[in-house]
Amino acid sequence: MVFEEKTLSSEMIYRGAILNLRKDKVTVKDSHTSYREIVEHSGGVLIVAVAADGKIPMVRQFRKATEQVIFELPAGKLDPGETDPLVAAKRELHEETGYTAAKWTHLVSFYTSVGYSTEMLHTYLAEELTAGDTDFDENEAIDLELWEPEALYEMIDRGEIIDGKTLAALLLYRTRQTADSV
């Protein structure tokens, strides 16, 4: 039997530009209480874009949390008040890659880390791309690269792609491509 925790009290610990942190006192089994630290996040988008030649735009950017350059799919957060993730996906694809897409397909939405975060990531397939100029945010430094899907899958197998959202989306894309070809 699954036990649903009830919030008894909630305290905002930190309010930031990207996330908030709150501490909830909750009921747990056997009439006990415990605390949960929750990262509140507005959510984000992730894009598997596929060019006419089949190549997938990937970005490299330094990520402070890992203290390294990370190889990943184009992605970004929902802006405050933004309720349509597709609008954010179109914006982020253009900003980070310069591409616009005529065809958009929602692939999946998923929580990034259910143990402590409210972040929901909306994943899209973007096709029928038109190249254009990038429009990076003023605090972004991004390198754009185009890759054959098979090379990306080999990188996954070798453990060279370490971004979880990118792993999930590329493997989902591969599964869909395999299913479509059967």
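This briefing describes a three-stranded sheet and the helices that lie across it. The model is predicted, so that local features need pLDDT of at least 70 and side-chain atom pairs count only at pLDDT 80 or more, while totals for chains, interfaces and linings use all residues. Residues are numbered from 1 along each chain as its sequence is written, and side-chain values use heavy atoms, with hydrogens and water left out.

**Sheet**
- Three strands (DSSP E runs of at least two residues, numbered from the N terminus) form an open sheet in the order E6-E5-E10, with antiparallel pairing, where pairing requires at least two DSSP bridges between two strands.
- Strand E6 (68–72) and strand E10 (143–147) are the edge strands, each pairing on one side only.
- Strand E5 (residues 56–63) runs antiparallel to E6 and is joined to it by five bridges, and Gln68 in E6 is the bridge partner of Arg63.

**Helix H3**
- Helix H3 (residues 164–181; helices are DSSP H or I runs of at least four residues) has 18 residues and reaches 26 Å from its first C-alpha to its last, close to the 26 Å expected at 1.5 Å a residue, the expected span being 1.5 Å times one less than the number of residues.
- Its buried residues (under 20% relative accessible area, 1.4 Å probe, protein chains only) are Lys165, Thr166, Ala169, Leu170 and Tyr173.
- These residues lie on the same side of H3 because they cover an arc of only 120° around the axis, taken from the directions from the helix axis to the C-beta atoms.
- Thr175 and Ala179 are exposed (over 50%) on the face of H3 turned away from its buried side.
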